[in-house]
Amino acid sequence: MNSRTDRTGQADRTAAPTWRVTETAGLETSWIALGPTALTARGRVAAAQPTPYWLDYELDTGDGFTTRRMHVTARTPDTTRTLDLRRDETTGQWSVDGTPRPDLTGALDCDLGLSPLTNTPPVLRHALHRQPGEHHFLMAWIRVPELVVVPSRQTYTHLRRHEDGGATVRYASGDYRADLLLDADGLVADYPGLARRTA
């Protein structure tokens with residue numbers, strides 16, 4: 001991960017990870033600027049299964065790595081869809097393409113389906129890549145490639161730290177469990193059954 005200095009003089013780290021997404025026989029690359037309390041990311045996904053699609057996304061988080069905006073464009077052989085998902089930092093209210101979504105009230109994060117990128121913000125907010133803890137979340141989960149947004153209950157649990165500064169964090173939603181291998185910056189290196197970082 002590289003470093004640069006923003007206009008306020010704070011050092012941001014930048015990264016451009018690529019993941020091989022085994023569940024979709026595809027790839028994802030994201031350009032990430034990671035600050036002390038927020039991140040931005042622009043990414044592209046190319047998936048082959050169960051149906052071919054491309055995704056382009058832009059994620060902007062506010063203080064505490066909470067979602068401010070996620071914009072997604074999904075292209076399939078037959079259609080192009082867009083999603084503008086926003087969270088008002090003052091009121092905590094969510095909207096989808098300008099329509100209020102009170103069922104998402106209480107959520108702080110979005111979760112882009114089949115993407116390892118959006119596991120990072122809740123991990124960073126609670127430093128779960130560095131210290132013990134278990135936290136329960138309500139997420140604005142984005143189903144792809146349909147770009148339908150639904151509430152999702154999830155749990156993240158720190159399991160152990162590694163000598164290289166990374167950690168293993170357990171992700172759980174319903175009956176699903178996966179032990180995520182994270183690097184020292186809280187980015188996913190290996191998500192068993194879903195994705196593995198290649199660069």
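**View A. T118 and D111 meet through their side chains in a polar contact of 3.1 Å.** A polar contact here is a pair of N or O atoms within 3.5 Å; within protein, one atom must be able to donate a hydrogen and the other to accept it, and residues adjacent in sequence count only if both atoms are side-chain atoms. Please keep in mind that this is a predicted model, in which local features need pLDDT of at least 70 and side-chain atom pairs count only at pLDDT 80 or more, while totals for chains, interfaces and linings use all residues. Residues are numbered from 1 along each chain as its sequence is written, and side-chain values use heavy atoms, with hydrogens and water left out. T118 sits in the loop between β11 and α1; helices (H or I, at least four residues) and strands (E, at least two) are DSSP runs, numbered from the N terminus. With a relative accessible area of 2%, T118 is buried, where buried means under 20%, exposed over 50% and partly exposed in between (1.4 Å probe, protein chains only). Setting aside neighbours within four places in sequence, T118 is in contact with L59, M70, C110, D111, L112 and Y156; contact means heavy atoms within 4.5 Å.

**View B. Strand β11, helix α1 and strand β12 build a right-handed β-α-β unit.** Right-handed means that, with the strands pointing away from the viewer, the path from the first strand over the helix to the second runs clockwise. Helix α1 covers residues 120-125, and β11 (residues 109-112) sends D109 and D111 one way and C110 and L112 the other, with all of them buried. The strands β11 and β12 (residues 134-143) pair in the parallel sense over 4 bridges; two strands pair if DSSP finds at least two bridges between them. To locate the pairing, look for C110, whose bridge partner in β12 is A140.

**View C. Strand β6 pairs with β5 over 8 bridges and with β7 over 8 bridges.** Both pairings are antiparallel, β5 with β6 and β6 with β7 (residues 67-75). A hairpin of 5 residues leads from β5 to β6, and another, also with 5 residues between the strands, joins β6 to β7. In the turn of the β6-β7 hairpin, G64 has a positive phi of about 80°. Handy reference pairs are R42 with E58 in β6 and Y57 with V72 in β7. Which side chains of β6 are buried? Y53, L55, Y57, L59 and T61 point to one face and are buried, whereas W54, D56, E58 and D60 point to the other and are not. Such alternation between the two faces of the sheet is what a regular strand shows.

**View D. A salt bridge of 2.6 Å (N to O) brings together the side chains of R44 and D56.** R44 belongs to strand β5 (residues 39-47) and D56 to strand β6 (residues 53-61), so the pair ties together parts 12 residues apart in sequence. A salt bridge is a side-chain nitrogen of Lys or Arg within 4 Å of a carboxyl oxygen of Asp or Glu, and the structure holds 12 of them. R44 is exposed, at a relative accessible area of 55%. R44, D56 and R75 are linked in a network of salt bridges.

**View E. D84 in strand β8 makes polar contacts with the side chains of R69 and R86.** The strand β8 spans residues 80-87. The contact from the D84 side chain to R69 is 2.9 Å, and the one to R86 is 2.7 Å. D84 is buried, with 16% relative accessibility. Beyond neighbours within four places in sequence, D84 is in contact with R69, M70, H71, S95, V96 and D97.

**View F. The largest nonpolar core has 48 residues, and L55, M70, L85 and I142 touch the most other members.** The largest share of this core, 5 residues, comes from β12. A nonpolar core is a set of buried Ala, Val, Leu, Ile, Met, Phe, Trp, Tyr and Cys residues joined through side-chain atoms within 4.5 Å. Apart from neighbours within four places in sequence, L55 is in contact with residues including V45, V72, L112, V144 and L147.
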